[in-house]
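The following exercises concern a single protein model. Please study the sequence and the structure before reading each worked solution.

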Amino acid sequence: MSAPHATRPVPTEPLPVVLAGARGHGRWHLNNLRRLADAGRVTLAGVCELKPLDEEELAGFAAQHPPVAQGDDFGALLDATGARIAIICTPIPTHTDLALTAARRGVHLLLEKPPAPSYTEYERMARGVAEAGIACQVGFQSLGSHAVAHIRDLVRDGLIGEPLGIGAAGAWARDEAYFRRAPWAGRRRLDDGAGGQADVVDGVLTNPLAHAVSTALALDGATGADDLTGIRTELFRANAIEADDTSCVELTTRHGSRVTVAATLCAERPDEPYVIVHGSRGRITFWYKQDRVLVQRAGHGPQETVHGRTDLLENLLDHLSGGAELLVPPASTGAFMRVVEAIRSAPDPRALPAGAWRTAPGIGAGDDAVRRVVHGIDALVAASADSLTGYAGLGADWARPGLEAAS
């Protein structure tokens with residue numbers, strides 16, 4: 001949906017950046033900006049937050065001249081600072097409008113995932129970005145891993161034989177407090193303040209473990225909006241939320257590939273998420289947060305490698321200064337957004353029966369921290385990635401079609 005950008009002259013000064021949303025996950029961006037500022041590539045020109053950051057939060061930027069501007073009006077902050085780049089790390093329903101606010105001002109973007117809460121909003125964002133002629137990078141950091149191209153090369157060269165499908169598994173844990181951290185957390189929709197409803201779609205596959213979906217699709221080469229021919233969802237919740245916390249999606253791509261992603265925020269023993277590429281003569285496992293790859297094939301010992309990673313903001317800077325190809329432009333998230341849309345338009349997630357889960361001590365601070373754990377979910381998630389089968393197909397009682405569950 002976006003045209004390639006012409007090569008630009010190398011800037012002689014660091015580029016001014018405005019960060020919208022500097023708390024929560026935004027702290028990661030703040031630390032990354034601190035690193036790139038030390039390297040002379042950016043300056044933090046402004047922070048858009050409802051409550052200004054204090055001196056401790058701005059450590060490392062306090063001596064800047066001019067100082068970091070702060071405010072809660074994103075457009076006004078862009079105007080006042082002369083920002084060249086904006087990072088948007090705000091609630092999901094705000095992504096499209098804020099992206100278009102920047103685009104109208106010619107400000108380039110690093111837009112956090114998911115890029116939008118619905119396919120319609122995604123199209124509106126991508127169209128506005130393309131018409132403005134700005135560069136936009138979507139924040140799927142795992143797609144900056146050099147392991148992605150490495151695995152594609154191995155599959156293309158026939159190392160594991162004929163491709164049979166791709167399975168992804170994510171077994172994470174989140175305390176009940178995680179779903180109370182913000183008004184939009186764990187919601188499928190929210191009052192828009194004008195008598196209507198705004199889509200949120202803050203489910204396990206669309207937000208916390210969205211990288212599992214996007215990485216699996218990238219390894220198959222099915223990233224565009226027209227690359228999926230079938231989407232089947234299984235959406236469940238153990239927590240008292242609207243959205244799903246234990247789900248599976250089964251995809252068919254235009255190549256004829258099968259892709260499954262099983263994920264939960266109610267793991268018994270939380271572990272690193274991974275993607276498995278299955279072949280007729282072996283398999284490749286990719287722990288995408290660690291950039292770690294394991295190749296297993298008949299007649300050979302296991303081979304493990306660890307790969308480098310290109311930071312997406314650095315890639316955006318390189319694109320603006322020297323024409324480097326963007327790693328995650330909006331068009332490359334079209335298939336992911338088809339999955340988001342399928343989850344958005346699916347019936348509300350089914351509440352798991354009380355006997356399917358238990359409470360356990362939380363992973364957060366405080367004696368009152370508690371979380372919900374789904375019995376046997378770790379094994380189910382792993383089995384799904386191994387067999388390319390959903391929860392119902394694996395025999396989970398609570399996943400049987402038509403099963404009524406109590407809240």
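**Exercise 1. Locate P66 and describe the peptide bond that precedes P66.**

Solution. Step 1: P66 belongs to the loop that runs between β2 (42-48) and β3 (69-71); helices (H or I, at least four residues) and strands (E, at least two) are DSSP runs, numbered from the N terminus. Step 2: the bond from H65 to P66 is cis, and its omega is near 0°. Step 3: a second case is the cis bond between K113 and P114, with omega about -15°. P114 sits in the loop between β5 and α4. For context, most residues other than glycine have a negative phi, and most peptide bonds are trans.

The model is predicted: local features need pLDDT of at least 70, side-chain atom pairs count only at pLDDT 80 or more, and totals for chains, interfaces and linings use all residues. Residues are numbered from 1 along each chain as its sequence is written, and side-chain values use heavy atoms, with hydrogens and water left out.

**Exercise 2. Determine the sign of phi at V201 and at D291, and state whether these residues are buried or exposed.**

Solution. Step 1: V201, in the loop between β9 (197-199) and α6, has a positive phi near 55° although V201 is not glycine. Step 2: V201 is buried, its relative accessible area being 3%; buried means under 20% relative accessible area, exposed over 50%, and partly exposed in between (1.4 Å probe, protein chains only). Step 3: D291 lies in the loop between β14 (282-287) and β15 (292-297), and its phi, near 60°, is likewise positive in a residue other than glycine. D291 is buried as well, with a relative accessible area of 9%.

**Exercise 3. Describe helix α4 and its surroundings.**

Solution. Step 1: α4 covers residues 119-132, which is 14 residues. From first C-alpha to last, α4 reaches 20 Å, close to the expected 20 Å; the expected span is 1.5 Å times one less than the number of residues. Step 2: the buried residues of α4 are Y119, Y122, M125, A126, G128 and V129. Step 3: these buried residues pack against α3 (95-104), β5 (108-111), β6 (136-138) and α8 (334-345), where contact means heavy atoms within 4.5 Å. Step 4: after α4 comes G133, with a positive phi near 75°.

**Exercise 4. Identify which residues touch the most other members of the largest nonpolar core.**

Solution. Step 1: a nonpolar core is a set of buried Ala, Val, Leu, Ile, Met, Phe, Trp, Tyr and Cys residues joined through side-chain atoms within 4.5 Å. Step 2: the largest core holds 97 residues, and L33, L44, F74 and L109 touch the most other members. Step 3: helix α6 (residues 210-220) supplies the largest share of this core, 7 residues. Step 4: a separate, second core has 22 residues, including A169, Y274, W287 and A399.

**Exercise 5. State which residues contact L44, leaving aside its neighbours within four places in sequence.**

Solution. With those neighbours left aside, the contacts of L44 are V17, L19, L30, L33, L58, F61, Q64 and V68. Among these contacts, L33 is also one of the core residues that touch the most other members.
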